[in-house]
Amino acid sequence: MFIYQIKCVNPKSTFFNKVYIGQSVNTQNRWHHHLSDLYRGVHHNHILQKIYNKYGRNSLEFSVIDTAETLKELGILETKYIIETPNTMNFRLGDSRSPLS
């Protein structure tokens, strides 16, 4: 089980170095799901969609940043990273059920 980030790596973008934090038990499938949604123009995160639309797939970098042993720990870690990352593109905490305040 993994915590991952999708980072804008295009210095021309106003969102350069901003990150989206997420969780997954299968990071390869999760990354492909994100890419599929972006390609179809239906990604739930409008900032990631804007970056993809304007600069393309190569402007986004996917990487694993932590691991967890249980689903509970996975949710706790995701929330921790969203709160502690100052340049996040997340609009909700954890598994997208709790809005950020």
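Two strands are taken as paired if DSSP finds at least two bridges between them. On this basis, three strands of the predicted model form an open sheet in the order β2-β1-β3, with antiparallel pairing. The edge strands, each pairing on one side only, are β2 (19-24) and β3 (60-67). On average, neighbouring strands of the sheet are turned by 25° against each other, direction ignored. Strands of a sheet pair through backbone hydrogen bonds, in either the parallel or the antiparallel sense. Strand β1, which spans residues 2-8, is joined to β3 in the antiparallel sense over seven bridges. Within this pairing, I3 stands opposite D66 of β3.

Two helices lie across the three strands. Helix α2, residues 46-55, lies across β1, β2 and β3 and runs at about 140° to β3. Helix α3, residues 71-84, also lies across β1, β2 and β3; its direction is at about 175° to that of β2.

The start of α2 involves N45, a residue of the loop between α1 and α2. With a relative accessible area of 2%, N45 is buried, the cut-off for this class being under 20%. A side-chain oxygen of N45 reaches to within 3.1 Å of the backbone nitrogen of I47 at the start of the helix. The side chain of N45 also reaches the backbone nitrogen of L48, at 2.9 Å. When neighbours within four places in sequence are left aside, the contacts of N45 are Y20, M89 and F91. Along α2, the buried residues are I47, L48, Q49, I51 and Y52. These buried residues pack against β1, β2, α1 and β3. After α2 comes G56, which has a positive phi, near 90°.

Nonpolar side chains tend to be buried together in soluble globular proteins. In the model, the largest nonpolar core has 15 residues, of which I6, Y20, W31, L48, I51, L60 and M89 touch the most other members. Two or more residues of this core are given by each of β1, α1, α2 and β3. The largest share, four residues, comes from α2. A second, separate core consists of eight residues, among them I21, A68, L77 and Y81.

Contacts of L60, again without neighbours within four places in sequence, are made with I6, K7, C8, V9, W31, L38, L48, I51 and Y52. Two of these partners, L48 and I51, are among the buried residues of α2, and both are listed with L60 among the core residues that touch the most other members.

E61 is placed in strand β3. The relative accessible area of E61 is 40%, so this residue is classed as partly exposed. Beyond its neighbours within four places in sequence, E61 is in contact with Q5, I6, K7 and V9. For one of these partners, V9, the separation from E61 is 52 residues in sequence, while the C-alpha to C-alpha distance is 6.6 Å.

Side chains of opposite charge can pair when their charged atoms come close. The structure holds two salt bridges. One of them joins D37 and R40, with 2.5 Å between the closest N and O atoms. Both residues, D37 and R40, belong to helix α1 (residues 27-40), where they are three residues apart, about one turn of the helix. D37 counts as buried because its relative accessibility is 10%, which falls under the 20% limit.

The other salt bridge is formed by K80 and E84, whose closest N and O atoms are 3.5 Å apart. K80 and E84 both lie in helix α3, at a spacing of four residues, about one turn of the helix. K80 has a relative accessible area of 35% and is therefore partly exposed. E84, at 52% relative accessibility, counts as exposed, since that class begins over 50%.

Terms used. Residues are numbered from 1 along each chain as its sequence is written. This is a predicted model: local features need pLDDT of at least 70, side-chain atom pairs count only at pLDDT 80 or more; totals for chains, interfaces and linings use all residues. Side-chain values use heavy atoms; hydrogens and water are left out. Axes are lines fitted to C-alpha atoms, for helices over the stretch in contact, and angles run from 0 to 180 degrees between N-to-C directions. Contact means heavy atoms within 4.5 Å. A salt bridge is a side-chain nitrogen of Lys or Arg within 4 Å of a carboxyl oxygen of Asp or Glu. Buried means under 20% relative accessible area, exposed over 50%, partly exposed in between (1.4 Å probe, protein chains only). A polar contact is a pair of N or O atoms within 3.5 Å; within protein, one must be able to donate a hydrogen and the other to accept it, and residues adjacent in sequence count only if both atoms are side-chain atoms. A nonpolar core is a set of buried Ala, Val, Leu, Ile, Met, Phe, Trp, Tyr and Cys residues joined through side-chain atoms within 4.5 Å.
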